[in-house]
Amino acid sequence: MLNFQCIIEYDGTDFSGWGKQPGHRTVQNEIEKALCGILQVPVSIICAGRTDKGVHASGQSVSFKTDTKISPEKLLLRLNSLLPQDICVKSAKAVPENFDARKSAKYKTYTYLIFNSPLRSPLYEKRSWHIAKPLDIKKMAYAAQFLQEKRDYSFFDSYNSVFGYKIVDLKKVKITKKGSFIAITITGDRFLYKMVRKMVGEMVKIGINEQNIKELKASVLSKNRRKTTKPALSHGLYLTKVVY
């Protein structure tokens, strides 16, 4: 048995998320179907982080085991010849038997893209969150600095979350601006359900002066998730990197 790791890029616009769902088009379904076509046996893949409907990835990591003699180089070429245009395998390699794309991950990085302009952009309609009101980057950066911490983040957890353990180590929360685009980059050891999108929603509220940093601090430290804002739109979110 060989253990493979692949780095995947995909446009999540036309997918119902990562995980397999009967009657729905998902990223996992498409990749496993292509692998079965190559290897002639069913293959089950493990991903570093399951993305929701509409969420994109430039650095999703997956692993799978199979009894084959195919080389990683040939596997890469054949996979990309079978996959649809909105999925690409960027790299493939053999890894140790105990490697698991999810369990072996130390940190994951998500990037949220905002298009901040009075006019919308048809080109980025499904790849960013269009916010017409001016955003105060300095205030958002101050909020990001506060959130860059290891603590209980129950405030950003979703009502239907299956996670009982709420401690998250956020190594980096950074905001950068280039032209009309604002990128919020968040790196952590783990994430609660819809946590990144809720964090973005709170920072945007600060950026448009709907709340101040003191209110955010009090809410996070209170751990009362009933006060949290609704998640930012899914199509602005990207899984960009997984560190092992």
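**Reading salt bridges and burial**

Modeller: Let's start with one residue: Glu-30 is buried, with a relative accessible area of 15%. Buried here means under 20%, exposed is over 50%, and partly exposed lies in between (1.4 Å probe, protein chains only).

Colleague: Before we go on, what kind of model is this?

Modeller: A predicted one, where local features need pLDDT of at least 70 and side-chain atom pairs count only at pLDDT 80 or more, while totals for chains, interfaces and linings use all residues. Residues are numbered from 1 along each chain as its sequence is written, and side-chain values use heavy atoms, with hydrogens and water left out.

Colleague: Okay, back to Glu-30. Which residue does Glu-30 form a salt bridge with?

Modeller: The general idea: side chains of opposite charge can pair when their charged atoms come close. The cut-off is a side-chain nitrogen of Lys or Arg within 4 Å of a carboxyl oxygen of Asp or Glu. In this case the partner of Glu-30 is Arg-25, and their closest N and O atoms are 3.4 Å apart.

Colleague: And Arg-25, how does its accessibility class read?

Modeller: Arg-25 comes out at 29% relative accessible area, so it is partly exposed, whereas Glu-30, at 15%, is buried.

Colleague: How many salt bridges does the structure hold?

Modeller: Nine. Take Arg-127 and Asp-11, whose side chains meet at 2.5 Å, N to O. This pair links distant parts of the chain, 116 residues apart. Arg-127 is in the loop between strand S5 (107–116) and strand S6 (129–131), and Asp-11 is in the loop between strand S1 (2–10) and helix H1 (27–39). Those elements are DSSP runs numbered from the N terminus: helices are H or I, at least four residues, and strands are E, at least two.

Colleague: Why does Arg-127 count as partly exposed?

Modeller: Because its relative accessibility is 35%. Asp-11 counts as buried, at 18%.

Colleague: What about Asp-169, which residue does its side chain meet in a salt bridge?

Modeller: Lys-171, at 3.4 Å, N to O. Asp-169 is buried, with a relative accessible area of 13%, and Lys-171 is partly exposed at 43%.

Colleague: Salt bridges can also share partners. Which residues do they join into one network here?

Modeller: Arg-25, Glu-30, Lys-33 and Asp-86. That brings us back to our starting residue: Glu-30 pairs with Arg-25, and both belong to that network.
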